[in-house]
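Please look at the sequence and the model below, and follow the report through the nonpolar core, the cysteines and the charged side chains.

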Amino acid sequence: MPADLYTRYMAAHRTWADHAAGCGSCTTTRPGCPDGITLWERYCRLQDAYLNHLRTRSTSQ
């Protein structure tokens with residue numbers, strides 16, 4: 001699961017970054033269009049999940 005989670009997190013980041021680079025409404029740190037909002041939220045959810053996984057892993061070792 002962790003490797004898959006990391007892979008999905010990085011893919012969401014790349015997708016968001018590609019979108020933000022070509023969108024006239026979005027910036028790299030803030031969505032500004034409906035598609036950007038969806039991509040940003042997915043990226044944030046996966047980032048939170050991955051960081052929570054790292055925190056959980058470090059406290060259990």
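In this predicted model, the largest nonpolar core is made up of eleven residues, namely L5, Y9, A12, W16, A20, C23, C26, C33, Y43, L46 and Y50. Two helices, α1 (2-22) and α2 (34-59), each supply at least two residues of this core, and it is α1 that gives the most, with five residues. One of the core residues, A12, is in contact with R42, Y43 and L46, when its neighbours within four places in sequence are left aside.

The core also includes the cysteines C23, C26 and C33, which raises the matter of disulfides. A disulfide is a covalent bond between the sulfur atoms of two cysteines. The count here comes to zero disulfides, because the sulfur of C26 lies 3.7 Å from the closest cysteine sulfur, that of C23, whereas a disulfide requires the two sulfur atoms to be within 2.5 Å. C33 is likewise in no disulfide, since the nearest cysteine sulfur, that of C26, is 3.7 Å away. Both C26, at 7% relative accessible area, and C33, at 13%, count as buried.

Turning to charged side chains, a search of the whole structure finds one salt bridge, in which the side chains of D4 and R8 meet at 3.2 Å, N to O. These two residues are four residues apart in helix α1, so they are separated by about one helical turn. The table sets out the accessibility of the two partners.

| Residue | Relative accessible area | Class |
|---|---|---|
| D4 | 42% | partly exposed |
| R8 | 30% | partly exposed |

Methods:
Residues numbered from 1 in each chain as written. Predicted model: local features only at pLDDT ≥ 70, side-chain atom pairs only at ≥ 80, totals over all residues. Heavy atoms only, no water. Buried < 20%, exposed > 50% of the residue type's maximum accessible area, 1.4 Å probe, protein only. Core = buried A, V, L, I, M, F, W, Y, C linked by side-chain atoms within 4.5 Å. Contact = heavy atoms within 4.5 Å. Salt bridge = Lys/Arg side-chain N within 4 Å of Asp/Glu carboxyl O.
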